Amino acid sequence: MMLARFQKEMTSLNLEERARKLGLSVREAVTIASLIEREAKLDSERRIISGVIHNRLRRNMPLQVDATVIYAMGRQPNRGVVTYQDLTVDSPYNTYLHTGLPPGPIASPGRASLLAAVSPASTPYLYYVARPDGSHAFARTLDEHNRYKKQYQR
């Protein structure tokens, strides 16, 4: 039933053609959608997060998505916070250690994340950091990102 629902969503979103236009396979698009699913708490930010992921992929930058580390660890981190030690987990899913997409999806993405994966926002952002309310602060530069990290991750 779940697979049938997924196929229906793929068809209605024209996911295969949209992915191809972005130079992605369906598997890559679904993998990006799974990252968005785990990272975005607000629907209004899904396309922006997708834009950040696409920007980083184009620049061959590590994605550095905390959700991939949590997936690689197979459990939630202590106190819900990913530590610097957690970032060293040896896994092909760890996007802090490996450039590019992980080998496959880390979650089952919903329609909004699937759509965001194949229609990323055109954005200058390369970074984002979660705020305490679940929204994100987006940054163009590493300096700006580090300021946001200091501000929001105490």
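## A tour from the surface to the core

Start with the whole protein chain shown as a surface: its accessible area comes to about 9100 Å², of which 50% belongs to carbon and sulfur atoms (Shrake-Rupley method, 1.4 Å probe). This is a predicted model, in which local features need pLDDT of at least 70 and side-chain atom pairs count only at pLDDT 80 or more, whereas totals for chains, interfaces and linings use all residues. Residues are numbered from 1 along each chain as its sequence is written, and side-chain values use heavy atoms, with hydrogens and water left out.

Switch next to a cartoon, where the protein chain shows 7 helices and 2 strands (DSSP runs of H or I with at least four residues, and of E with at least two, numbered from the N terminus). Followed from the N terminus, the order of these elements is α-α-α-α-α-α-β-β-α.

With only the C-alpha atoms displayed, the protein chain fills a box of roughly 45 × 30 × 30 Å along the principal axes. The radius of gyration is 15 Å, which agrees with the value near 15 Å for a compact globule of 154 residues; the radius is taken over C-alpha atoms, and the globule rule is 2.2 Å times the number of residues to the power 0.38.

Now colour by burial: buried residues make up 44% of the 154 residues, where buried means under 20% relative accessible area, with a 1.4 Å probe and protein chains only.

For the interior, select Ile36, Ile49 and Ile53, which touch the most other members of the largest nonpolar core, a set of 26 residues (buried Ala, Val, Leu, Ile, Met, Phe, Trp, Tyr and Cys joined through side-chain atoms within 4.5 Å). Two or more residues of this core come from each of helix 1 (2-13), helix 2 (15-21), helix 3 (26-39), helix 4 (43-58) and helix 6 (111-118), and helix 3 gives the most, with 6 residues.

Keep Ile53 selected and add Ile32, Leu35, Ile36 and Leu63, which Ile53 touches when residues up to four places away in sequence are not counted; contact here means heavy atoms within 4.5 Å.

The last stop is Leu24, in the loop between helix 2 and helix 3. Leu24 counts as buried because its relative accessibility is 14%. With residues up to four places away in sequence again left out, Leu24 touches Ala19, Ala29, Ile32 and His54. Add Val118, 94 residues from Leu24 along the chain, and the two C-alpha atoms are found to be separated by 8.9 Å.

Methods: Buried means under 20% relative accessible area, exposed over 50%, partly exposed in between (1.4 Å probe, protein chains only).
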